[in-house]
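Reader: I am new to reading protein structures and would love a close look at just one part of this one. Could you pick a stretch of chain and walk me through its surroundings?

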Amino acid sequence: MRGRRLWAWLALILGMIYFALPLIGTLEFSLRMRRGEYSLDAYRVILSDPHFHATFGFSVLMALGTIVLGVLLVVPTAYWVRLRLPRWRPVIEFLTLLPLVIPPIVVVFGYIRLYNTSSWLPLTGSVGGTNLLLLFGYTVLALPYMYRAVDTGLRSLDVATLTEAAQSLGAGWITILWRVILPNVLVAILSGAFLTFAIVIGEFVLAALLNRPAFGPFMQLIGANRAYEPAALAVIAFAITWLCMGLIQLVTRFQKHTQIRQR
Amino acid sequence: MSSKSGLSWLGIVPFLLFALLFLLLPTMNIVVGAFRNQAGAFTLENITNLFQPSILSAYWISIRISVASALLGCLIGFAMAAAMVLGGVPGWVRGPLLTFSGVASNFAGVPLAFAFLATLGRLGLVTVLLREWLGVNIYAWGFNILSFWGLTLTYLFFQIPLMILIITPALDGLRREWKEAASILGASNAQYWYLVALPILWPSLLGTFALLFANAFGAVATAYALTGSSLSIVPIMLFAQIRGDVLQDPHLGYAMAFGMIVITGVANLIYIGMRMRSERWMR
């Protein structure tokens, strides 16, 4: 018994050292810009870089757009499949899992081929069109997480009864979705949304290949040309990921409390 | 209401249309392109052209990195998850470890590459400390962060947490009664693991291995930010091909992408199949 606990601690501590070292190393490196002393110079340089503001803002907008489009696409579909088309469930689930199977680089390769300037839908011909294509690509990437989250949220609801109750009170489909279903799966949507945000904000491949000024390609460019600033960027990116995951924990805990209160 | 039921499939048309336009058709386009020549006729030549030394070696090193990082990720992740669930450590370890795993498994791409450069690069913290404190110069020993082991070590940062997240529910599902029943029947601890626990966990282990493999095989951003184009692995080669047709044969590019789909597709099918099998024990 004692021996087993010793091995358990050993495994955990060795693992934690492996995970802690790169984080400490990055933090330390990011502070080393000024010779001979620790300073926040690297952060100052990055945060005052106009390209940082532009690309970060672009990626935040893209992430928010992805979340909105994802919700509009996933919530009505998951609801409708649960209510009316249970037979379609395997098909829809398969489709939402496909983005995990097909590497994103292949999907965007297909976009470039299919929607180039000489095609029937020349999306890459204009800035707006390319942005839209990037938004669609991000929505595809977010699909597995978003659908899983919303479908799990719907599972705990009695969708049919809620719908009938709303209908008997004279509600139309839009009202049902907006005022009955959406509030009930809000926590699920939020956890899907924060995960989507964390994925989109630093995404590199799609943005780089579609040539859009997003945060991921900006980070890569800084990494290729500077010494200390990349470490500062990594610390910032890690903080954002941490924040998103923390918010997911927070909203899930919040839901558990409200559920207990309801009982 | 029932009068509408014949048309109820209309409700999922927007989703199906979106999936068709931005997921299925683009992928099909690449797959079809892999089996066509410049004139548009059917051919297998692109596929056979994949079997040239430079492309084969790219696939080979990609597969080796993916296998190594998936295998080590599975072993270390399993050890950490088993220590947490079965090792008798206090309960407060669990929450932070799982939360951290959630963060780290999503911390991939460009920033992860920066973190490892700052740690194990030529001027990285660990490299410098090892040299100054222990007099060990790992670069003189042949280590390089821009190499097979460097990339594998970096990938482990998201592989291990993913393993912990997936295998923990499976370990939680091992019932105390099974262990008790085995020991009443006279089984030793080793026999219990060998004859009861591992056969139950086997589908989960194999499935997660396949998932981690696909995860590493498709990773582009981390590798690109870490090595630029100095290490010829499949995703980086494909990236360069899409940017500037470095193979000087667009259809060879499609064939390469097709090869990637086949490999990640098979790995994911194994994962999904194994997951369905393992869920039988989870009820």
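Author: Happy to! Let us begin in a loop: Gln248(B) is found between H11 and H12 of chain B. Keep in mind that the model is predicted. Although Gln248(B) is not a glycine, its phi is positive, at about 55 degrees. Is Gln248(B) buried or exposed? A residue counts as exposed if 12 or fewer other C-beta atoms lie within 10 Å of its own. Gln248(B) has 9 C-beta neighbours inside 10 Å, so it counts as exposed.

Now step back along the chain. Just after H11(B) comes Asp245(B), which also takes a positive phi, of about 45 degrees. The helix itself, H11 of chain B, covers residues 234-244. Of its 11 residues, 8 are buried, so the helix is largely enclosed by the rest of the structure. Those buried residues are Val234(B), Pro235(B), Ile236(B), Met237(B), Leu238(B), Phe239(B), Gln241(B) and Ile242(B).

What do the buried residues of H11(B) pack against? From chain B come H3, helix H10 (221-227) and helix H12 (250-278), while chain A brings helix H5 (104-114) and helix H10 (205-209).

One of these neighbours, H3(B), is worth following. Helix H3 (residues 53-86) of chain B packs with helix H7 (residues 148-172) of chain B at an angle of about 40 degrees, and their axes are 6 Å apart. The two helices are therefore oblique to each other, and their crossing is right-handed. By class, their contact has 22 nonpolar, 6 polar and 2 charged residues.

Since H11(B) packs against helices of chain A as well, let us look at how the two chains meet. The contact takes 61 residues from chain B and 66 residues from chain A. On the side of chain B that touches chain A, the largest share, 12 residues, comes from helix H1 (residues 13-34) of chain B. That side has 43 nonpolar, 18 polar and no charged residues.

Finally, a word on the nonpolar interior. The largest nonpolar core has 165 residues, and those with the most contacts inside it are Val150(A) and Phe114(B). Helix H6 (residues 127-155) of chain A gives the most to this core, with 15 residues. Leaving aside neighbours within four places in sequence, Phe114(B) is in contact with residues of chain A, including Thr26(A), Pro230(A) and Leu233(A), and also with Ala225(B).

Definitions and conventions: Residues numbered from 1 in each chain as written. Chains lettered and ligands numbered in written order. Predicted model: local features only at pLDDT ≥ 70, side-chain atom pairs only at ≥ 80, totals over all residues. Contact = placed C-beta atoms within 7 Å. Helix = DSSP H or I, 4+ residues; strand = E, 2+ residues; numbered from the N terminus. Nonpolar A, V, L, I, M, F, W, Y, C, P; charged D, E, K, R; others polar. Axes fitted to C-alpha atoms, helices over the stretch in contact; angles between N-to-C directions. Parallel < 35°, antiparallel > 145°, perpendicular 65-115°, else oblique. Left-handed = near helix turned anticlockwise from the far one by under 90°. Core = buried A, V, L, I, M, F, W, Y, C linked by C-beta atoms within 7 Å. Buried ≥ 20, exposed ≤ 12 C-beta atoms within 10 Å, placed from the backbone.
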